[in-house]
Amino acid sequence: MELKVYSDRLSQPSRTILIFCKANGIEFEEVKIDLGKGQHLSAEYAALNPMKQVPAIVHGDFKLFESHAILIYLASAFPGVAHHWYPADIRERAKVHAVLDWHHTNLRRGSIGFIFNNTVCLAFGIPVNPVAAAKGEKLLSASLARIESFWLQEDGPFLLGNAKPTIADLALVCEIMQLEAGDKDDRDRILSPHKRVVKWMEDVKIASAPHFEEVHAIMGPVRDKLKQLKIQAIEKSE
Amino acid sequence: MTLTVFADRMSQPSRAIIIFCKVNGIDFEEVRIDLSKRQHLSPQFQEINPMKKVPAIVDGRFKLFESHAILIYLACSFPGIADHWYPADLFLRAKIHSVLDWHHSNLRSGAAGYVLNSTLGPALGLPLNPEAAAKSEKLLSASLGKIESFWLKGRGRFLLGSTQPSIADLSLVCEIMQLELVDEKDRERILGPHKRVMKWVADTKNATSPHFDQVHSVLLKVKEKLQSKKAIGETSQNVLPSKL
């Protein structure tokens, strides 16, 4: 059965799915849905995902969207996936669900709020919104603090004190990597108070090497392009 | 009995957990965390849930929060729960995860934002915010539209075309029930165009009766208080509770 992953590497949850598949030897076709060109808004794509967002998958004729649902499905459907990604134990699994749910309205909301309104919006022709970005940064910082004080525990290097990463580690770290799209000074300001988060990100990168870096290779060029757009926008307003 | 559910029936996800337990004959102790009295901020409750939110459960020594995670855990841990609540089939299960995830940033975000900014705000010492309410109403209406056009497609009466309810039906319908708190005319304006949604709410209510109505009775009481306060022209400081 053929697996197609509809994605844009600019999208954090898209990268999570791509890295997960590559790290687990899952064969798939990556179909780029270029967000900057509005391809997610096409009628053809809406037939695959009526919410017009990436990522989405088609496996045989089974269609699915929402990255956490996709990660769980892939972890369960492909026998080669190591068990640590999505534990079989009901209680361990429940904890993974809890952090993935928490993520929606905390880390993800804060991260998007900051980086989209501060920088990424320019890729869509939308002006920077400093007020919204500041609000996002507040939630983002609070979420990073929460990861340090609660989700990362003594027993192990990964979320929930695990010795090996779960799908939750991958999802949350890919989110934080979106800061690479913006200004280095902003990224340093936000991340540097959180040494444990920085170490955890390294550990996730190592655990999914070389795919993590390969999938994130896009971030450098994206940052440069967005920097240009920002300079142009400032020049225009002066 | 090892299961304790920490809840406030004014909280939509709290109600979903309580109804699920009652419908499935799960033995549990309901411990009220009164949001209006700020009990969710106490050090004792913080031991249970450091995020200081309801619902949360303790099963033996196992603590868990986030209602979707709790619903899944209960469906898998307790014997005799019918498969339709959280099917073993990978494809059906994936679709349930999909709608539960979609819910966070769509129906829940729109509905909770609308109710807070149009009605509940003053009860929490917040001003009414018509602009925020209008923005949330837009998301809420779009979400109801998506439920009708996509999530309720199929031959069955429930989400994902199912002939029986799942945890997703319970979670989303409890969210929509929060609209019982707002003015009749506003609720009619928002829900009225969505006949299929209204039927689905009724079907979910019937499938979980009598517990659904019993657990939701708190909303009617609070609504009466809110309306009588409004009639007298006071802002309801102590009527209503929750940061919902």
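# A tour from the A–B interface inward

Start with both chains in view: chain A and chain B bury about 2600 Å² between them, and carbon and sulfur atoms give 68% of that area. Buried area here is the accessible area (1.4 Å probe) that two parts lose on being put together, summed over both. This is a predicted model, in which local features need pLDDT of at least 70 and side-chain atom pairs count only at pLDDT 80 or more, while totals for chains, interfaces and linings use all residues. Residues are numbered from 1 along each chain as its sequence is written, chains are lettered from A and ligands numbered from 1 in the order in which they are written, and side-chain values use heavy atoms, with hydrogens and water left out.

**Stop 1: the interface.** Select the contact residues: 28 in chain A meet 30 in chain B. Contact means heavy atoms within 4.5 Å. Now pick A:Met51, A:Arg91 and A:Asp101. In chain A these lose the most area to chain B, together 20% of what that side buries. Keep A:Arg91 and add B:Asp59. They form a salt bridge, with the closest N and O atoms 3.6 Å apart. The rule finds 1 salt bridge across this interface; it asks for a side-chain nitrogen of Lys or Arg within 4 Å of a carboxyl oxygen of Asp or Glu.

**Stop 2: helix α3 of chain A.** Select residues 67-77. Helices (H or I, at least four residues) and strands (E, at least two) are DSSP runs, numbered from the N terminus. In this helix 9 of the 11 residues are buried, so the rest of the structure largely encloses it. Buried means under 20% relative accessible area, exposed over 50%, partly exposed in between (1.4 Å probe, protein chains only). The buried set runs through A:Ser67, A:His68, A:Ala69, A:Ile70, A:Leu71, A:Ile72, A:Tyr73, A:Leu74 and A:Ala75.

**Stop 3: A:His59.** Hold A:Tyr73 and add A:His59. A:His59 touches A:Tyr73, and also A:Met1, A:Glu2, A:Leu3 and A:Phe78, not counting residues up to four places away in sequence. A:His59 sits in strand β3 (residues 56-59) of chain A. It is buried, at 7% relative accessibility. From here, measure across to A:Ser143: the two C-alpha atoms are 34 Å apart, and the residues are 84 apart along the chain.

**Stop 4: α5 against α6 in chain A.** A:Ser143 is one of the α6(A) residues in this contact. Show residues 107-118 and 130-151. The helices pack at an angle of about 145°, with axes 7 Å apart. Axes are lines fitted to C-alpha atoms, for helices over the stretch in contact, and angles run from 0 to 180 degrees between N-to-C directions. On the α5(A) side, look for residues including A:Leu107, A:Gly110 and A:Phe114.

**Stop 5: backbone details.** Which bond joins B:Val54 and B:Pro55? A cis peptide bond, with omega about 0°. B:Pro55 lies in the loop between α2 (43-48) and β3 (56-59) of chain B. A cis peptide bond also joins B:Ser209 and B:Pro210. Next select A:Lys52, whose phi is near 55°, a positive value in a residue other than glycine. A:Lys52 is partly exposed, at 35% relative accessible area. B:Arg38 has a positive phi too, about 60°, and is partly exposed at 39%.

**Last stop: B:Thr204.** Go to helix α8 (residues 195-207) of chain B. B:Thr204 is buried, with a relative accessible area of 1%. Beyond residues up to four places away in sequence, B:Thr204 touches B:Phe158, B:Asp169 and B:Val173.
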